[in-house]
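Here is a short briefing on how the strands and helices of this chain fit together. Keep the structure open while you read.

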Amino acid sequence: MNYNDVFDSFSNFRVVVVGDVMLDNYKIGKVHRMSPEAPVPVVLFEKEENRIGGAGNVALNLIALGAQPIVCSVIGSDDAGKILIDKFTENAISSAGIVQSKNRPTTVKSRIISNKQQLLRIDHETTAPISAEESNELMNKLTSLLNEGIDAIIFEDYNKGVLTEALIQQIIAFAKLNHIITCVDPKFENFLSYKSVNLFKPNLKELKEGLKCEFNMQTSSNKLIDAVSQLEQKLSNSISLITLSEYGVFVKKGDLIHTAKAHPRNISDVSGAGDTVIAVACLCLLSDLSYKEIAEIANIAGGLVCEYAGVVSINKDELLEEVNKLLTQ
């Protein structure tokens with residue numbers, strides 16, 4: 001397999017990321033003393049940073065891999081929403097699918113950081129489901145994107161209200177009608193709503209919570225296969241890709257199963273690894289790679305981003321080098 005050609009082909013794919021986008025805000029400073037008003041540190045402010053978060057991080061990974069992402073979401077008609085749109089433009093990510101609503105705020109996660117440690121996080125958000133009007137507007141945006149072509153839709157669910165059960169079903173039906181591949185990174189609330197998708201990627205914790213089951217990977221690994229079989233009976237999905245942290249990535253396609261073993265890494269931060277995995281898996285699926293190759297490459301990608309502190313996108317050249325080294329021996 002010439003993975004160089006595969007990675008080159010990523011630039012041909014237009015991928016819609018639909019789900020909960022958010023703004024990650026960082027207020028950074030130094031602590032020199034405790035407050036006289038309460039037993040809390042006083043942070044002397046130095047700088048502020050804004051970054052794309054939530055489902056937007058999947059789009060950042062797609063652009064890093066050379067693909068053409070389009071973000072579909074509902075955000076607020078507020079200052080944070082404007083910053084987020086500007087950030088998408090700065091990163092060459094299309095926001096043609098964004099609906100700005102006057103009835104809900106943009107989700108903002110504000111972190112107070114000192115000496116590379118998070119002291120406090122403040123979330124500004126609503127998790128109420130989007131309205132029928134907002135849902136229809138989002139669907140209209142998605143439909144209009146067909147004019148320039150859509151190769152895949154990634155559902156990135158953070159349980160913040162954008163992906164309602166009705167909208168999920170509507171988008172899946174739309175994708176089937178237009179022969180568009182569907183990939184899902186789920187959360188608990190709508191876990192069993194993603195019926196008949198091409199690729200379903202929960203992590204182990206989400207799988208257990210979604211199916212209300214419990215087992216120990218060290219002593220009962222066969223129960224993982226049973227759980228995934230149960231999942232597929234409920235969802236009728238084509239491929240199940242389960243990220244297992246230190247145990248690697250498990251994949252099942254029909255009766256075929258494979259586990260991509262985790263490679264030794266200097267783990268720094270696991271934040272955002274799932275976003276990288278779903279982006280890589282989707283592009284590998286579009287490139288007609290086998291279920292084993294999808295799992296192996298996604299596993300390598302997830303491990304690589306965990307070596308960096310904070311939420312970072314995959315480095316395409318670094319990933320290709322690792323894939324050629326580990327999978328072509």
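Strand S4 and strand S5 (residues 94–101) run parallel and are paired through 6 bridges. Keep in mind that this is a predicted model. The points below start with S4 and its partners, then turn to a sheet of 4 strands and the helices that lie on that sheet.

**S4 and its partners**
- Within the S4–S5 pair, Cys72 has Gly97 of S5 as its bridge partner.
- From S4 the chain passes through helix H3 (residues 79–90) to reach S5, a right-handed β-α-β crossover.
- S4 also pairs with strand S1 (residues 14–19), in parallel, through 5 bridges.
- There, Arg14 sits opposite Gln68 of S4.
- Strand S4 spans residues 68–76, and 8 of its 9 residues are buried, so the rest of the structure largely encloses S4.

**The sheet of 4 strands**
- This sheet is open, its pairing is mixed, and its strand order is S3-S2-S6-S7.
- Strand S3 (41–54) and strand S7 (117–124) form the edges, each pairing on one side only.
- On average, neighbouring strands here are turned by 20° against each other, direction ignored.
- Strand S2 (residues 21–34) and S3 are antiparallel and share 13 bridges.
- One of the paired positions is Ile28, whose bridge partner in S3 is Lys47.

**Helices on the sheet**
- Helix H2 (residues 55–64) packs on the sheet and touches S2 and S3.
- The direction of H2 makes about 65° with that of S3.
- H3 lies across S2, S3 and strand S6 (108–114).
- Relative to S2, H3 runs at about 105°.

Methods: Residues numbered from 1 in each chain as written. Predicted model: local features only at pLDDT ≥ 70, side-chain atom pairs only at ≥ 80, totals over all residues. Heavy atoms only, no water. Buried < 20%, exposed > 50% of the residue type's maximum accessible area, 1.4 Å probe, protein only. Helix = DSSP H or I, 4+ residues; strand = E, 2+ residues; numbered from the N terminus. Pairing = 2+ DSSP bridges. Right-handed = clockwise from strand over helix to strand, strands pointing away. Axes fitted to C-alpha atoms, helices over the stretch in contact; angles between N-to-C directions. Contact = heavy atoms within 4.5 Å.
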